[in-house]
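Work through the following exercises with the sequence and the structure at hand, and try each task before reading its solution.

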Amino acid sequence: MLEKIKLDHPQLFIQAFENSAIGMALITSNGGDLLKVNQALCQILSYEKSELLTLNIKDIIHPEDSALDLHIIQTLQSGEQHSFLTERRYIHKNGHTIWALMSVSLVRDQQGNPLYYISQIQDITNRKLAEEKLREGEERYHRIVEESPDGVIIMKEERCLFINQTGLELLGLKQKRDIVGRPIYDFVHPDDHERLKQRNMQNELIGPIEKRFIRMDGKVIDVELKTIPTIYQDQQAVHAIIRDVSNQKQTKDLIINSEKLKIAGQLAAGIAHEVRNPLTAIKGFFQMMEKDLKENQMYFDVITSEINRIETILNELLVLARPQEVKYDLKNIDTIVNHVITLLKTQTNLNSIEIVKNIEPNLPPIKCNENQLKQVFINFLQNAVESMSTGGRISIYIRNQDSDSICIQIIDQGSGIPAHLLNRIGEPFFTTKEHGTGLGIMICKNIIEEHRGKLSIESSPEGTQIEISLPIV
Ligand SMILES: Nc1ncnc2c1ncn2[C@@H]1O[C@H](COP(=O)(O)OP(=O)(O)O)[C@@H](O)[C@H]1O
Ligand SMILES: [Mg+2]
C-alpha cells in the first residue's frame with residue numbers, strides 16, 4: 001500500500017504534507033490505522049512519529065467522540081461530499097484533552113475505489129478554553145442577576161428583553177414572557193413617564209432615583225431605580241435595577257406622621273389651656289346670670305351643655321397631649337353609646353337624621369375609660385352626621401364579636417370618603433371640611449389603640465362604615 005502512495009504522489013505532495021503547520025494524517029479507509037503522520041501532528045499530540053504510526057485513529061480520539069462516525073464515512077464514500085469538517089477532542093500523550101478542528105476527505109484510486117482518508121487536524125484548544133471561560137462568565141453573570149435581591153430588567157429602546165425572578169415578583173408577574181417585548185412604561189406610573197423619558201438611559205448611568213411603578217394587580221409601589229448602559233446579546237441595551245422601597249417609604253411617612261402627631265399634641269395642649277381659662281370665667285358668670293333670668297331656662301340648658309362639651313373636648317385634647325394614667329373601669333358599652341346618642345339628638349333632628357340602634361342583649365361590660373369612649377362615639381357620629389347633608393339613617397350595631405371582644409359598627413348613608421383619600425384619614429389636620437380640624441379620627445384612633453382595640457374604615461359613595469372592636473378585659 002505504502003509503495004502505491006509513493007508512486008501515486010509526487011514529491012510536492014510529500015513535502016507539503018511533511019512541512020504543513022497543520023497536523024496531517026493518512027488513515028486506512030477500512031480500519032482507521034494511521035498510515036502516515038506529519039511533524040505538526042506529532043507536536044500537537046506529543047508523540048514520536050514512530051509511536052503514532054503504530055496506533056489507530058481511535059487511540060488518539062477522545063472516547064466520547066467517535067473518530068469517523070458512520071455518517072461521515074457514508075457521506076464521503078458515497079461521494080455526496082468531497083470533504084468533511086468537524087470538531088473533535090483528541091487525547092494528548094500525557095492524557096489531557098486537545099480540541100481540534102478536523103477535516104477529512106477520501107482519496108480514491110483511478111478506478112474510484114477508496115484508498116485512504118486524508119485528515120487535517122488543527123489545534124483549537126486555546127480558542128475553546130476562551131469560549132468556555134466566556135460561557136462560564138456569562139453563566140456566572142446570569143446566576144448573579146437571577147439570584148439578585150433586587151429586580152433586574154434589561155431593556156432595549158424602552159422594551160423589556162429580560163427580567164429576573166425578583167423583578168417578576170416585584171411587578172406581580174407570573175412568567176417572564178409576560179413582560180418580554182413590552183415597553184417598560186407599561187409598568188411606570190403615568191405621572192412619572194415624562195421625567196423618565198427625559199433621561200438618556202441608553203448612554204448614561206442614572207440613579208438611584210425614586211419612581212412609582214405599577215404592578216400587574218394595579219397596586220402602586222415606590223421603587224428606587226438605577227440604570228446602567230450595557231451590551232445584551234451583542235446589542236446596546238440598558239440594565240435596570242429596581243428596588244422596592246414601599247416599606248421604607250411607609251416607615252418614613254409614619255415617622256413624619258408621628259412627628260406631626262407630636263406637634264399636634266403640643267399645639268392642642270397649648271390651645272386647650274388658653275381656651276379653658278376664659279371658658280371657666282364665662283361659665284361662672286353665666287351661672288350667676290341664670291339665677292336672675294329664669295324665663296329663658298331652655299336656652300340656658302342648651303348653652304350649659306354646649307359649654308360642658310367644649311370643656312370635655314378641651315380636657316380630651318389635654319389628655320392626648322400629655323398621655324397620663326387614665327382610669328379604666330368596667331362599663332357597659334350600650335350605656336355609653338345611648339348617652340352619646342342622647343347628646344347628639346338635637347343635631348340629628350335638625351338634619352333629618354334617624355339613628356337606628358341594633359344592640360345585642362346581655363353584652364358583658366368592658367374595661368374602658370368612659371369619657372374617652374364617649375369622645376370616640378361623638379367624633380364618629382359627628383362625622384356621620386356631617387356627611388349626610390340631605391338626611392338619612394345612621395345604623396349602630398353592637399355585638400359580641402367573639403368571646404373576647406365587642407364589635408361596634410357605625411354605618412352612615414353619607415357621601416363617603418373617596419378611595420384615594422382613605423389612607424389619609426386619621427392623619428393629623430387632614431380634613432375636607434371648611435371648618436374641620438382634621439383631629440377627630442386621629443384622636444379616636446389613639447384612644448382605641450390605648451384600649452388595645454382595632455379600628456377599620458370602609459367607604460363607598462353610598463356611605464361609610466366604621467368598625468371598632470374592643471377587647472372585653
Ligand atoms: N362618615 C364619614 N363620611 C364621609 N367622610 C368622612 C367620614 N368620617 C370622616 N370623613 C372624612 O375624614 C376627614 C377627617 O375626619 P376628622 O378626623 O373627624 O376631621 P374633621 O371632621 O374635622 O374633618 C373628614 O374631613 C372627612 O373628609
Ligand atoms: Mg370630625
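**Exercise 1. Find which residues make the nonpolar surface patch of about 410 Å² in this predicted model, and say which helix gives the largest share.**

Solution. Begin with the members of the patch, which are Leu267, Ile271, Val275, Ile310 and Phe429. Next, turn to the secondary structure, where helix H10, spanning residues 246-292, supplies three residues and thereby the largest share of the patch. Leu267 is a good residue to check by eye, since its place is in helix H10. Finally, consider its accessibility: the relative value for Leu267 is 44%, and because partly exposed covers the range between 20% and 50%, Leu267 is classed as partly exposed.

**Exercise 2. State how many aromatic pairs there are, and describe the one formed by Phe162 and Tyr232.**

Solution. The count comes to three aromatic pairs. One of them joins Phe162 and Tyr232, whose ring centres are 6.4 Å apart and whose planes stand at 40°, which makes the pair tilted. To place the two rings, note that Phe162 belongs to strand S7 (residues 159-163) and Tyr232 to strand S9 (residues 220-232), so this pair ties together parts of the chain that are 70 residues apart in sequence. As a last step, compare each accessibility with the cut-off for buried, which is under 20%: Phe162 has 9% and is therefore buried, and Tyr232 has 14% and is therefore buried.

**Exercise 3. Describe the aromatic pair of Phe286 and Phe300, and decide whether these residues are buried or exposed.**

Solution. Take the geometry to begin with: the pair is tilted, with 4.8 Å from centre to centre and 40° between the planes. Then locate the partners, for Phe286 sits in helix H10 and Phe300 in helix H11 (residues 297-321), so the pair ties together parts that are 14 residues apart in sequence. Both Phe286 and Phe300 turn out to be buried.

**Exercise 4. Give the number of disulfides, and the burial of Cys42 and Cys160.**

Solution. With a limit of 2.5 Å between cysteine sulfur atoms, the count of disulfides is zero. For the two cysteines, the relative accessible area of Cys42 is 3%, so Cys42 is buried, while Cys160, at 1%, likewise counts as buried.

**Exercise 5. Say where UniProt places the feature "domain: PAS", and describe the chain over residues 137-208.**

Solution. The unreviewed UniProt entry places this feature at residues 9-80 and 137-208. Over residues 137-208, the chain is 36% helix and 19% strand, and the C-alpha atoms at its ends lie 26 Å apart.

Technical notes: Residues numbered from 1 in each chain as written. Chains lettered and ligands numbered in written order. Predicted model: local features only at pLDDT ≥ 70, side-chain atom pairs only at ≥ 80, totals over all residues. Heavy atoms only, no water. Buried < 20%, exposed > 50% of the residue type's maximum accessible area, 1.4 Å probe, protein only. UniProt positions renumbered as here; feature names shortened; annotations may be inferred. Helix = DSSP H or I, 4+ residues; strand = E, 2+ residues; numbered from the N terminus. Patch = residues over 30% accessible without salt bridge, like charges linked within 9 Å, V, L, I, M, F, W, Y side chains within 5 Å. Areas by Shrake-Rupley, 256 points an atom, 1.4 Å probe, with all protein chains shown as cover. Salt bridge = Lys/Arg side-chain N within 4 Å of Asp/Glu carboxyl O. Phe/Tyr/Trp six-rings, centres within 6.5 Å; stacked < 30°, edge-to-face > 60°.
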